[in-house]
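Visitor: I am new to this structure and would like to be led through it by questions. Could you show it to me before we start?

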Amino acid sequence: MTYYDYLIVGSGLFGATFAYRAKQLGKKCLVIDKRSHLGGNIFCEKIEGINVHKYGAHIFHTNNKEVWDFVNYIVPFNRYTNSPVANYKGQLYNLPFNMNTFYQMWGVTTPEQAQAKIDEQKAEAVAALKGREPQNLEEQALTLVGKDIFEKLIKEYTEKQWGRKCTELPSFIIKRLPVRLVFDNNYFNDKYQGIPIGGYNKLIEGLLEGVECKTGIDFFKDSIELCESCSLKKNWHQYADKLVFTGQIDEYFDYKLGKLDWRTVSFITRIEDTPNYQGNAVVNYTSHNEPYTRVIEHKHFELFGQEVYVCPKTVVSEEYSKEYKEGMEPYYPVNDEQNNKLAAQYRQLATQEKNVIFGGRLAEYKYYDMAPIVEKVFELVL
C-alpha cells in the first residue's frame with residue numbers, strides 16, 4: 001500500500017493548487033474526486049471545438065500580481081474582459097451600473113444628471129422608511145439605487161437567483177451596489193482578468209502534472225485498497241499523514257448539527273447553427289418572463305472579433321437557479337442568519353480535527369472567486 005503525505009479530497013482549484021504546492025516541496029500527494037473528471041467546477045467540456053464551462057461561467061480576475069503571475073506560469077491567459085449585458089423584457093442595459101446603463105435607463109448624458117436622478121429616487125426610498133432602517137433586501141436596494149434600477153435590473157433577477165421574494169431576503173445580502181459615473185462596462189475593478197488559453201482544463205492539468213490522481217472515488221463511500229466495506233472517511237489516516245478536504249463541511253461531520261442550505265444551478269446547453277448567437281459571453285435575463293437567470297455563449301470567452309466567425313457554430317447554456325436537494329451539486333451558500341450560525345458551529349468543529357485542512361467554497365461554507373482560493377492556498381503552511 002502506497003503511503004502519502006497528503007490525501008486531497010477534491011480536484012477543484014483549491015485541491016489542485018494545494019497539490020501543486022505540496023509537490024514543489026517534495027511532498028507525495030494523492031488527489032481523489034468522486035466525479036469522472038478532474039477540475040471540479042472549472043472543468044470544461046469540448047463541444048464543436050469550443051471550451052464549454054460545464055458548471056457555469058468562470059472568469060479569473062485579481063489585483064494580486066503574484067497570483068496572476070503564478071496562474072500565467074502554469075498556462076498563459078487571454079485578455080477576456082467581463083462585460084455582461086442585462087436583458088429586461090427585450091430592453092438591453094450594460095452592467096455593472098454605469099453611465100451607459102443610466103443613459104439607456106433615463107437618457108441622461110452626464111454624470112451630474114445621472115447622480116441627480118439616482119439621488120432623487122434614493123430620497124424617495126429613504127422617506128418611505130420614515131426613519132427606520134431597511135428591514136429586507138428590497139428596502140435596502142431601493143435606498144442604494146432607487147426604484148428604476150431596482151425594478152428592472154435587481155428585483156426579479158434576485159428573486160430567480162434565491163427562489164424567494166426580495167421582501168423575504170435579509171438586507172445584509174445587498175449592503176452595497178456599485179454605481180459608476182463613467183462609461184465603463186468592465187464588470188471587475190481588478191487589474192488582471194482573463195481566461196486560460198485553451199480553457200481551464202489546461203490550468204488544472206498544469207497544476208496536477210506529476211501528481212497521482214484517481215477519479216470516481218467517493219470519500220464517504222469508497223476505499224482504494226484496504227477493503228470494500230471500509231470508506232476512506234473511516235481510514236484515511238492509514239493512507240496519509242494529513243487530509244485536505246474540499247467537500248461539504250456538514251457532510252464531513254455526518255450532519256450531526258443539521259444540514260446547511262445551498263442554492264444550486266442547472267444548465268440547458270445546446271448547439272446553435274450560427275457563428276454568433278448573442279454577441280456577448282454573458283447576458284443576464286432580469287425579468288420573470290424567462291425562467292433562466294442568464295445565457296452564456298461560451299466561444300466569446302476565448303474568441304474575439306472576427307475569430308468568432310472562424311467557428312461556424314456556437315454553444316449556449318441557459319442557467320437556472322434552484323433550491324438544492326440531495327443528489328444535486330451544491331453551488332452557493334445561503335448566507336442568512338440561520339445558516340451562517342450553523343456554518344460557524346461546523347467551522348468550530350473543524351478546528352478540532354487533527355491533521356485535517358478544510359478549504360474552499362464547500363468546506364468553508366463561503367462563496368469564493370477563483371483568485372482568493374489560490375491566495376488562500378499560498379497562505380497555508382505546508
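Visitor: In which loop is the place of E48?
Guide: This is a predicted model, and in it the phi angle of E48 is near 55°, a positive value in a residue other than glycine. As for its place, E48 is found in the loop between β3 (44-47) and β4 (50-53).

Visitor: Which two residues does a cis peptide bond join?
Guide: One partner of this bond, P96, lies in the loop between β7 and α3 (99-106). The omega angle of the bond is about -5°, and the residues joined by this cis peptide bond are L95 and P96.

Visitor: Which strands stand at the edges of the sheet formed by five strands, and why is one side of each left without a neighbour?
Guide: The five strands form an open sheet with parallel pairing, in the order β9-β2-β1-β10-β16, and its neighbouring strands are turned by 20° against each other on average, direction ignored. Each edge strand has a single partner strand, so one side of it has no neighbour in the sheet. The strands at the edges are β9 (212-215) and β16 (356-358).

Visitor: Within that sheet, which residue of β16 stands opposite L243?
Guide: Starting from β1, five bridges join this strand to β10 in the parallel sense, and L7 has L243 as its bridge partner in β10. Strand β10 (residues 240-245) also pairs with β16, again parallel, over three bridges, where V244 has I357 as its bridge partner. For L243, the residue opposite in β16 is V356.

Visitor: At about what angle to β1 does helix α1 run?
Guide: Helix α1 (residues 13-24) lies across four strands, namely β1 (4-9), β2 (29-33), β10 and β16. Relative to β1, the direction of helix α1 makes an angle of about 165°.

Visitor: Which are the edge strands of the sheet formed by seven strands?
Guide: The seven strands form an open sheet of mixed pairing, in the order β7-β6-β12-β13-β14-β11-β15. A strand at the edge pairs on one side only, and the two that do so are β7 (91-94) and β15 (332-333).

Visitor: Which residue of β13 is the bridge partner of N284?
Guide: Strand β12 (residues 282-285) and strand β13 (residues 294-297) are paired in the antiparallel sense, over three bridges. For N284, the bridge partner in β13 is R294.

Visitor: What angle does the direction of α6 make with that of β6?
Guide: Helix α6 packs on the sheet of seven strands, where it touches β6 (85-88), β7, β11 (262-272), β12, β13, β14 (314-323) and β15. Between the direction of α6 and that of β6, the angle is about 90°.

Visitor: How do α5 and α6 pack, and is their crossing left-handed or right-handed?
Guide: Helix α5 (residues 137-145) and helix α6 (residues 147-162) pack at an angle of about 145°, and their axes are 9 Å apart. The contact is made by L137, E138, A141, L142 and V145 of α5, together with K147, I149, F150, I154, K155 and T158 of α6, and these residues divide into seven nonpolar, one polar and three charged. The crossing of the two helices is right-handed.

Visitor: What volume does the second largest pocket have?
Guide: The residues that line this pocket include R79, Y80, T81, H300 and F304. By class, its lining has five nonpolar, six polar and one charged residues. The volume of the second largest pocket is about 200 Å³.

Technical notes:
Residues numbered from 1 in each chain as written. Predicted model: local features only at pLDDT ≥ 70, side-chain atom pairs only at ≥ 80, totals over all residues. Heavy atoms only, no water. Axes fitted to C-alpha atoms, helices over the stretch in contact; angles between N-to-C directions. Left-handed = near helix turned anticlockwise from the far one by under 90°. Contact = heavy atoms within 4.5 Å. Nonpolar A, V, L, I, M, F, W, Y, C, P; charged D, E, K, R; others polar. Pairing = 2+ DSSP bridges. 1 Å grid on protein atoms, 1.4 Å probe; cavity = no way out; pocket = protein on both sides within 12 Å on 5 of 7 lines; lining within 4 Å. Points joined across faces, edges and corners; volume = space filled by probe spheres on them.
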